[in-house]
Amino acid sequence: MEEDVFLFPSGMAANYAVHRMLTTLFPNRKTVQLDFPYVDVLKLQENFGAGAHFLPFTDDSDFEKLRELIKAEPLAGIFAEMPSNPLLRCVDLRRVTEMLFLEERDVPIIVDDTVATAVNVDAFLIADLVTTSLTKAFSGVGDLMAGSVILNGDSPYHDDFAAFLKVHHDNELWRGDAVALEANSRDFVERVKTMSRNGVALYEFLAEHPAVESVFYSIEDPSGIYGHLQRTDGGHGCLLSFVLKDRSKAPVVYDAMEFCKGPSLGTNFTLVCPYTLLAHYDELDWAEKCGVDRTLIRVSCGLEPAELILERMKRALEKAQ
C-alpha cells in the first residue's frame with residue numbers, strides 16, 4: 001500500500017527515523033544489530049537511545065547470545081542487513097523469529113534490503129519493516145540521495161509504526177530529487193538483473209583465481225535464508241568483496257583496477273573501494289576481530305558487459321602474482 005511507504009533524503013535518514021521511532025515507542029530499551037553492518041547503521045544505534053547489543057556473527061555461537069538477550073531484557077528492535085555489507089552474509093532470521101516465539105517475546109525485526117534489492121528478495125516474508133537506500137541501485141545514476149521505510153501491512157506493529165511516522169515524518173525527500181529518482185528508476189528491475197548476472201560472473205572468476213584467498217557473496221549462504229527470501233526470478237545482487245592471499249599486494253592491485261573508485265554501490269557503472277580502510281580506518285583491529293580484513297576490496301558490478309569486467313579484473317590481479 002502506498003501509504004505504507006515513507007521517503008527520506010538519504011538511506012541513513014530513513015534508518016534514523018526508524019531508530020527514533022523504536023526508541024520512542026519502546027523507551028529505555030536497547031536494540032540488537034545482527035552481523036557486521038554498514039558502519040553508520042551500528043554507530044547510530046550505539047550513540048542514540050539506550051544503546052545497542054552488537055552480535056557480529058563470526059560464528060553460530062551468537063545465536064545463543066541472542067537467545068540470552070531475548071530472555072534477559074525487553075528489546076526495542078532487531079536489525080539485520082540482507083545480505084550484510086561488506087561481508088555479504090545472511091543471518092538466518094527464521095531462527096530469530098523461532099526464538100522470539102519460543103521465549104514468548106515480541107520484538108520488531110528491521111531488515112535493510114539495499115544490497116539485495118526488492119527485485120531479488122522479499123524481505124517482508126520476515127521483516128516488520130524494510131529500510132532501503134534509494135541512493136544505490138534504485139537510482140543507479142549516482143546523482144542524488146534518497147531512502148525509504150516501508151511498513152509490512154501484516155505486522156502486528158503496523159498501526160503503531162504508521163501512526164508515528166505520519167506524525168514525525170519531518171525529513172522529507174526534496175522534490176527535485178524525487179523527480180530525478182523517478183526518472184532514474186524506470187529501468188530499475190532490468191538494471192538489477194544485469195548487475196546480478198555480472199555479480200555471479202565475477203564471483204565465479206574470483207573464486208577460481210589463484211591470487212584470491214576469499215570471496216564474499218550472497219551466493220555463499222549456508223543458512224539458506226537468502227534462498228528463502230529470494231524471489232522466483234531473483235538473483236544475488238551486484239555487490240561482492242574479496243581478500244588476496246598476499247595482503248601486501250592489495251594496494252597495487254587496487255590501484256591497477258580500471259574501474260571507477262568510490263564508496264557507493266549499485267551504480268550503473270562498476271565501482272570499487274578499499275572498504276575497511278575507508279569505513280573503519282580508526283578501528284581496523286576491531287573490524288578484523290569481526291571478520292572484516294583490513295585489506296578487503298569491495299566491488300559493485302555495473303552494467304558493463306561481463307567479459308569487460310572480468311578482463312579488467314584479470315589485468316589488475318596480475319599485479320598480485
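**Exercise 1. Find the volume of the largest cavity, then describe its lining.**

The largest cavity has a volume of about 50 Å³. A cavity is a set of points, on a 1 Å grid over the protein atoms alone, where a 1.4 Å probe fits but cannot get out; a pocket is an open set with protein on both sides within 12 Å along at least five of seven lines, and lining residues have an atom within 4 Å of a point. Grid points are joined across faces, edges and corners, and the volume is the space filled by probe spheres set on the points.

The model is predicted: local features need pLDDT of at least 70, side-chain atom pairs count only at pLDDT 80 or more, and totals for chains, interfaces and linings use all residues. Residues are numbered from 1 along each chain as its sequence is written, and side-chain values use heavy atoms, with hydrogens and water left out.

Step 1. Among the residues lining the largest cavity are Thr114, Val115, Asn120, Met195 and Cys238.
Step 2. Sorted by class, this lining has six nonpolar, five polar and no charged residues. Ala, Val, Leu, Ile, Met, Phe, Trp, Tyr, Cys and Pro count as nonpolar, Asp, Glu, Lys and Arg as charged, and the others, Gly among them, as polar.

**Exercise 2. Describe the second largest cavity in the same way.**

Step 1. The structure holds two cavities of 30 Å³ or more, and the second largest has a volume of about 40 Å³.
Step 2. Its lining includes Asn15, Gln33, Val41, Phe79 and Asp112.
Step 3. Strand 4 and strand 5 (109–112) each supply at least two residues of this lining. Helices (H or I, at least four residues) and strands (E, at least two) are DSSP runs, numbered from the N terminus.
Step 4. By class, the lining of the second largest cavity has five nonpolar, three polar and two charged residues.

**Exercise 3. Locate the centre of the largest pocket.**

Step 1. The largest pocket holds about 460 Å³ of space.
Step 2. It is lined by 23 residues, and those closest to its centre are Met12, Tyr38, Ser133, Lys136 and Pro263.
Step 3. Helix 1 and helix 10 each give at least two residues to the lining of this pocket.
Step 4. The lining has eleven nonpolar, eight polar and four charged residues.

**Exercise 4. Work out how Leu42 sits in helix 2.**

Step 1. Leu42 lies in helix 2, which spans residues 39–47 and in which Val39, Val41, Leu44 and Gln45 are also buried.
Step 2. Why does Leu42 count as buried? Its relative accessibility is 3%, so Leu42 falls in that class. Buried means under 20% relative accessible area, exposed over 50%, partly exposed in between (1.4 Å probe, protein chains only).
Step 3. Beyond its neighbours within four places in sequence, Leu42 is in contact (heavy atoms within 4.5 Å) with Gln33, Pro37, Phe54 and Trp286.
Step 4. The cover over the buried residues of helix 2 includes helix 1 (11–25), strand 3 (52–55) and helix 11 (284–289).
Step 5. After helix 2 comes Gly49, with a positive phi near 70°.

**Exercise 5. Judge the chain as a whole.**

Step 1. The protein chain has twelve helices and twelve strands.
Step 2. Its radius of gyration is 19 Å, close to the 20 Å that the globule rule gives for 321 residues, so the chain is as compact as a globular protein of that length. The radius is taken over C-alpha atoms, and the rule is 2.2 Å times the number of residues to the power 0.38.
Step 3. Of the 321 residues, 55% count as buried.
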